[in-house]
Each structure stands twice: as structure tokens, then as C-alpha cells.
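Student: I am new to this structure. Please take me through one part of it closely, then show me how that part connects to the rest.

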Amino acid sequence: MFQYNTSFIDNRAMIGLLRRAYNHVDIRLMDHGIRVAYIVSRLLRQRTEANSARVRNICFLSALHDVGAYKTEEIDRIVQFETEDIRRHSVYGYLFVKNFTPLSELAHAVLHHHTPWNVLKELDDISEENKSIAQLIYIADRLDIWLNMEGRPYSEFLSVISAGRGSRYKPELADLMMRERFSAFSAEEAECDPVFNRMQSEITFTHEEVRSYLGMVIFSIDFRSRHTVTHTMTTASISNELAQYLGVGPEERNQIIVGAMLHDIGKIGIPAEILEYPGRLAPRDMEIMRSHVDITEEILGRDIPKPIRRIALRHHEKLDGSGYPHGLTAEDLTTGERIVALADIVSALAGTRSYKGAYSKEQIITIISRMRDNGLIDAGLVNCMITHYDTIMSRTLAQCQPVMDIYENLQAEYSLL
């Protein structure tokens, strides 16, 4: 796997990027997650040191507990207090946390965050810590729905907790809730709590943790379909290979790789039926599809350095000004931006889609040569791609194989669960 540096992303930037990305799935989910994390942090303060990496991780897991919902049609039912048959999002969330975050050892807590205590306590293959965290998330999740989404009084929720103590809720955690006092609050108000805020900002993520969380967002887009599962990695790998052939220095090459990794993050806000439409899109749907660049710009915000943002945002621009979203021309586009634009085209052509099979080497070379001759993409880059095509694509296939393995294992494990 090619390496890339994310030292420019701190806690605040990472959390902001994740929040903006998942808000484009459904704003209720991320705000709900932040409020649940805040409630969990309040409960944990009663029995442990609040300002620790372990508590930070539990709260971050709590914020992400519904991450699997983007993959299902369960969102409307998730945000209701009385719910039935919403296990699918818990399974997908478990698989994403297990495979794409540094919190894999806590993934069972996500899988079981709707499992009643009288069932959960009998499970032998789950650690006691995971059982307790699952129950913390469960209680906090139900409180947020009750208080902040359905507007019911806290006193009545305590009656529900008391009635379910020992059956639906773990007794010790039910008792923690009984000792707290909550009133309705917003996600923004939760984030203003000084202890909660310090926990998020002062206990820093490692670079590996940042890469893992970025990977979770990126793959939550690509894993919508077997057709797109390796598109981002293929684009990044081809970009990296081209940059090396051109002798691009390490710092700029890192910018190119990260820009390529982020280039389609805005597709998280595009409806799946448009992403996977089996044919030519109608003009209105094409306009929606093209808006993924604008969504990417909003998600990246000011938390990503400008050179990387530009690389991510300009992969559909063309040298003659016919691209989008801004109709830029050759003089506006850097080498890095041109590299990712070409890599994106080759990746799309080489991969399958709902409306097409994978193009052959000959077909791809014919298409990019025609685009080169028509002044749409960089001639020198196209020539380099053609000259080294077999090497670039064989290395790219090797780079993407681990991602395909994860995808196949994820699908198999989902079927078993």
C-alpha cells in the first residue's frame, strides 16, 4: 500500500470533516451521534477519568454508532423511540468500525447497541467492556430520541429506565442515568460543554488514526456498490504512479495522493439511485451528479490545505475550459490537478459500472488519446500513461487487492450476521 502523510489534519479538522460528510447522508444522524456521545461522556464522568484517550475513544465510537445507516433504508426508524427490526444498520456499522477505524476492538458495542441487557448479558463471545459500552450507547441513544427528537420530559424517561432496569438496561448503567439530570439540548450546545470539548480537542489522534477515519468515510462511499469499491484507491494509485514517473517531489506527491483520496468524497451526498443508474442520466440527474464537486468543497471546508483541496475539486476540469464546475483552462490547472483528472478517467474506464463493463487496455488508450488530441487533457501525462500502462495498472491492481479482500470479507460476514 502506498503511504501518505496526514499530519496536516488535527482533531478539530478530523471531527469537522467527518461531521460534514455524514451530515450529507442525513443531518439527523450526525447531530444525533454527537448528542449521544455527549450523554455517554456525562455518564462516564461519574465513574472514571473524563480526560483520557479511552473515554475519548468510547465517545467517538458513540458519535459513530449509526454510521452503518447510510447503507440501509432504516434512518427514519432509527430516529424513533420505539423501533423494531433495525438490525441491518447495526451490522453495517459494526463492519465499518471493525475494518476501517482504530476502534475495531470495540466494534461489538456498535453491533449490539440495540440489544436488550437480558439478551446481551448471556452472549459469551463479547467482552464485558463491549457489553457495557453497547448498553451505554443504547441508553444514551434512547434518551436523545426521547428528549431531543420527540420532545418528551426527562422525568418520564427515568420511569422507562426504572421499569427496564435489569431487563432492557444493565442495572449499574440504569443507576448512572438515574443520578443525572438532562434537559433538551442541541449538538452545538453539547460541543460547547468544556469537558466534552477538551476531550475531543486535547487528546490528539495519531496519524494512523486519522488515516483510518478518512478511510472509513471514503469507503462508505465506494462500498455502496461493487462497481465503485476500488475507484478511489485506483485513482490514488494511478496518480501516485504517474507522479513518480514525472519525478514529482515527495511533498507534492503526497498532496496528489491525498487529493485523489478525497476527490469523490462529495458523492456521499448523491442519491444511490443516481450513482447506480443503469444508463445515461437525464439532464436534471446529471446536474445532481455534478454537484458532488460542490459537496466535496463543503465537506473539506478550510480544514484541508488549499493545494490538496484544489486537486480534489478540479478533477473534472478540462484544459479547453469545457469541464466543470468552473470551466477552468490549461493555465489554471497545476500538474497535480491534471494528474488526478487523468487518473480519475482511467480508473472509471477500467472499472465496471451499473451501465457498463470494464474497458480493455486498447479501448482506454483510444479514448484518452482522443481526449489528448482534442485538447481536453494533458498530452504529456497521456503519453506517460500509455508508455507505462501495463506497469501502472499491474501495480494499481496489487495496491487495490487488499481493499477488494476487505470488501469480499465484509460482504461474507454481513451475510453470516
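Which residues does Leu 242 touch, not counting residues up to four places away in sequence?

Tutor: Keep in mind that this is a predicted model. Leu 242 touches Ile 339, Leu 342, Leu 381, Cys 384, Met 385 and Ile 392, once residues up to four places away in sequence are set aside. Leu 242 itself lies in helix 14, which covers residues 231-245. Its relative accessible area is 0%, so Leu 242 is buried. For a sense of distance, take Ser 212. Leu 242 and Ser 212 are 30 residues apart along the chain, and their C-alpha atoms are separated by 25 Å.

Look now at two of those partners. Start with Cys 384. Cys 384 has a relative accessibility of 11%, so it counts as buried. Its closest cysteine sulfur belongs to Cys 400, and the gap is 18 Å. A disulfide is a covalent bond between the sulfur atoms of two cysteines. At 18 Å, the sulfurs of Cys 384 and Cys 400 are too far apart for a bond, because a disulfide needs them within 2.5 Å. Cys 59 tells a similar story. The closest cysteine sulfur to that of Cys 59 is in Cys 192, 16 Å away, which is too far for a bond. Cys 59 counts as buried, at 2% relative accessibility. A search of the whole structure finds zero disulfides.

The other partner to follow is Met 385. The largest nonpolar core has 128 residues, and Met 177 and Met 385 touch the most other members. Helix 8, residues 128-149, gives the most to this core, with 10 residues. In soluble globular proteins, nonpolar side chains tend to be buried together.

Stay with helix 8 for a moment. Of its 22 residues, 18 are buried, so helix 8 is largely enclosed by the rest of the structure. From first C-alpha to last, helix 8 reaches 30 Å, close to the 32 Å expected at 1.5 Å a residue. After helix 8 comes Gly 151, with a positive phi near 70°. Most residues other than glycine have a negative phi, and most peptide bonds are trans. One peptide bond here is cis: the one from Tyr 324 to Pro 325, with omega near 10°. Pro 325 is found in the loop between helix 19 (306-313) and helix 20 (335-350).

Back to the core, and to Met 177. Leaving aside neighbours within four places in sequence, Met 177 is in contact with Ile 39, Leu 43, Ile 139, Leu 143, Tyr 154, Phe 157, Leu 158, Ile 161 and Phe 182. Three of these names, Tyr 154, Phe 157 and Phe 182, lead to a group of rings. Ring pairs link Trp 146, Tyr 154, Phe 157 and Phe 182 into a cluster.

Take the cluster pair by pair. The structure has 10 aromatic pairs in its count. In one of them, the ring centres of Tyr 154 and Phe 157 are 6.5 Å apart and the planes meet at 25°, so this pair is stacked. Both residues lie in helix 9 (residues 154-164), three residues apart, about one turn of the helix. Tyr 154 counts as buried because its relative accessibility is 8%. Phe 157 is buried too, with a relative accessible area of 0%. Tyr 154 also pairs with Phe 182, and this time the pair is edge-to-face: 5.9 Å centre to centre, 65° between the planes. Tyr 154 is in helix 9, while Phe 182 sits in the loop between helix 10 (171-178) and helix 11 (187-191), so the pair ties together parts that are 28 residues apart in sequence. Tyr 154 and Phe 182 are both buried.

Charges sit over two rings of this cluster. Arg 42 lies over the face of Phe 182, at 4.1 Å from the ring centre. The charged end of Arg 152 sits over the ring of Trp 146, 4.1 Å from its centre.

One last element is helix 2, residues 27-45. Helix 2 is mostly covered, with 16 of its 19 residues buried. At 1.5 Å a residue, helix 2 should span 27 Å, and its end C-alpha atoms are 28 Å apart, which agrees.

Technical notes. Residues numbered from 1 in each chain as written. Predicted model: local features only at pLDDT ≥ 70, side-chain atom pairs only at ≥ 80, totals over all residues. Heavy atoms only, no water. Helix = DSSP H or I, 4+ residues; strand = E, 2+ residues; numbered from the N terminus. Expected span 1.5 Å × (residues − 1). Buried < 20%, exposed > 50% of the residue type's maximum accessible area, 1.4 Å probe, protein only. Phe/Tyr/Trp six-rings, centres within 6.5 Å; stacked < 30°, edge-to-face > 60°. Lys NZ or Arg CZ within 6 Å of the ring centre and 35° of its normal. Core = buried A, V, L, I, M, F, W, Y, C linked by side-chain atoms within 4.5 Å. Contact = heavy atoms within 4.5 Å.
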